[in-house]
Amino acid sequence: MNNILSRLNTKKDGEVEFIDVVSEEEAEMLLPLMADDLDMEKQYRQIMFFYEAGIQQVTAKLEILNKEFQYCNDRNPIENIKSRVKTSDSIIGKMKKKRLPLTISCMMRNIYDVAGVRVVCPFISDVYHVARMLMNQTDVEVIRVKDYIETPKDNGYRSLHLILMVDVFFSDQMRKVPIEIQLRTIAMNFWASTEHQLRYKKEKEFTQEMHKQLKRCADLMARADRKMQRLAENLSVE
Ligand code: 0O2
């Protein structure tokens with residue numbers, strides 16, 4: 001059995017060392033864009049290119065929606081867009097946690113957030129408006145919606161998560177690329193970004209009290225969002 005990811009040796013600085021090559025059979029099945037005899041490093045780059053192309057496609061769609069809204073409403077429903085391709089370390093960590101075999105085919109079938117786009121909007125209504133506009137496009141297939149705004153996580157995390165399959169046209173074929181889109185307000189993003197930094201301070205113990213305080217901060221952010229939403233509605237800027 002080919003085990004590509006387990007043969008990627010990630011060095012301390014996050015760089016990936018490539019040790020082996022994938023079989024012709026697996027390359028053909030999973031990566032139809034590739035020539036047969038590419039070495040491991042090129043194969044890994046090809047896969048990441050596939051996801052990056054998906055990110056570019058979604059980002060372009062979002063930018064068009066943002067501009068169109070701007071022309072009609074004199075304001076932007078998107079504050080900023082950030083994207084990333086998951087590091088090999090992070091992919092391997094997630095697959096190990098899910099007890100999945102460390103193969104590329106398994107990664108492609110089970111890990112939907114290799115390509116991720118984060119969209120930050122001013123108001124809650126913008127989050128849902130942008131999500132609806134995106135999901136209604138004919139070359140986009142909605143695989144999963146997790147609404148952590150309607151139902152926040154226990155720790156207070158709020159965001160709207162979509163998994164979309166996006167059609168991307170390459171020189172000789174169309175491929176469906178899975179992308180995770182996280183949409184949230186500026187306040188939700190402030191909380192999530194700072195909470196992430198605190199949680200990853202590994203030298204310090206994350207106590208129950210800290211957990212409680214963070215939950216309170218999340219609730220404060222949510223209250224601010226609701227107030228801003230009401231103001232937007234009163235001023236008819238939604
Ligand atoms: P990173 O570095 O952001 O990529 P799945 O197997 O994907 O269905 P999972 O991973 O539980 O299950 O998916 P979920 O809950 O829909 O979303 C996971 C991602 O949401 C995380 O990615 C974070 O980006 C974000 N997220 C979820 N919960 C929290 C939270 O409590 N705080 C913060 N700051 N972000 C959160 P990763 O994979 O953890 O990492």
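Leucine 160 stands opposite leucine 183 of strand S7. This pairing belongs to a predicted model. In the model, 10 bridges join S6 (residues 160–169) to S7, and the two strands run antiparallel. S6 and S7 form a hairpin, with 4 residues between them.

Strand S7 also pairs with S4. Here 6 bridges link S4 (residues 115–121) to S7, and the strands run parallel. Valine 120 has arginine 184 of S7 as its bridge partner. S7 thus has an antiparallel pairing with S6 and a parallel pairing with S4. Strand S7 spans residues 174–185, and 9 of its 12 residues are buried, so the strand is largely enclosed by the rest of the structure.

Threonine 185 illustrates the burial within S7. This residue is found in the strand. Its relative accessibility is 0%, so threonine 185 counts as buried, the cut-off being under 20%. Leaving aside residues up to four places away in sequence, threonine 185 touches Val120, Cys121, Pro122, Phe123, Ile124, Val127 and Asp225. Of these contacts, Val120 is also the bridge partner of arginine 184. Asp225 is one of the buried residues of helix H7.

Two helices pack against S7. Helix H6 covers residues 186–199. Its 14 residues should span 20 Å at 1.5 Å a residue; the end C-alpha atoms of H6 are 20 Å apart, which agrees. The buried residues of H6 are Ala187, Met188, Asn189, Trp191, Ala192 and Glu195. These residues pack against S4, H5, S7 and H7.

Helix H7 covers residues 208–234, 27 residues in total. At 1.5 Å a residue, H7 should span 39 Å, and its end C-alpha atoms are 39 Å apart, so expectation and model agree. Buried residues in H7 are Leu214, Ala218, Ala222, Asp225, Gln229 and Ala232. They pack against helix H5 (124–135), S7 and H6. Just after H7, serine 236 takes a positive phi of about 55 degrees.

The loop between H6 and H7 holds phenylalanine 206. This residue is partly exposed, with a relative accessible area of 31%. Phe206 joins Leu198 and Met210 in a nonpolar surface patch. Together the three residues have about 250 Å² of accessible area.

Lysine 82 gives a contrasting case to threonine 185. Lysine 82 lies in strand S3 (residues 80–85). At 60% relative accessibility, lysine 82 counts as exposed, the cut-off being over 50%. Its contacts are Gly116, Val117 and Arg118, not counting residues up to four places away in sequence. The C-alpha atoms of lysine 82 and glutamine 182 are separated by 9.8 Å, although these residues are 100 residues apart along the chain.

Backbone geometry was also examined. Most residues other than glycine have a negative phi. Aspartate 74 has a positive phi, near 60 degrees. Its place is in the loop between helix H2 (40–73) and S3. At 68% relative accessibility, aspartate 74 counts as exposed. Arginine 99 likewise has a positive phi, of about 55 degrees, although it is not a glycine. Arginine 99 lies in the loop between helix H3 (88–97) and helix H4 (104–110). Its relative accessibility is 78%, and arginine 99 counts as exposed.

The elements described above belong to a chain with 7 helices and 7 strands. Read along the sequence, their order is β-β-α-α-β-α-α-β-α-β-β-β-α-α. Of the 238 residues in the chain, 43% are buried. Among contacts with a separation of 6 or more, 62% come from residues 24 or more positions apart. The chain exposes about 14100 Å², and carbon and sulfur atoms supply 51% of this area.

Methods. Residues are numbered from 1 along each chain as its sequence is written. This is a predicted model: local features need pLDDT of at least 70, side-chain atom pairs count only at pLDDT 80 or more; totals for chains, interfaces and linings use all residues. Side-chain values use heavy atoms; hydrogens and water are left out. Buried means under 20% relative accessible area, exposed over 50%, partly exposed in between (1.4 Å probe, protein chains only). Two strands pair if DSSP finds at least two bridges between them. The expected span of a helix is 1.5 Å times one less than its number of residues. Contact means heavy atoms within 4.5 Å. Patches are made of residues with over 30% relative accessible area and no salt bridge: like charges are joined within 9 Å, nonpolar side chains (Val, Leu, Ile, Met, Phe, Trp, Tyr) within 5 Å. Accessible areas come from the Shrake-Rupley method with a 1.4 Å probe; for residues, only the protein chains shown count as cover. A salt bridge is a side-chain nitrogen of Lys or Arg within 4 Å of a carboxyl oxygen of Asp or Glu.
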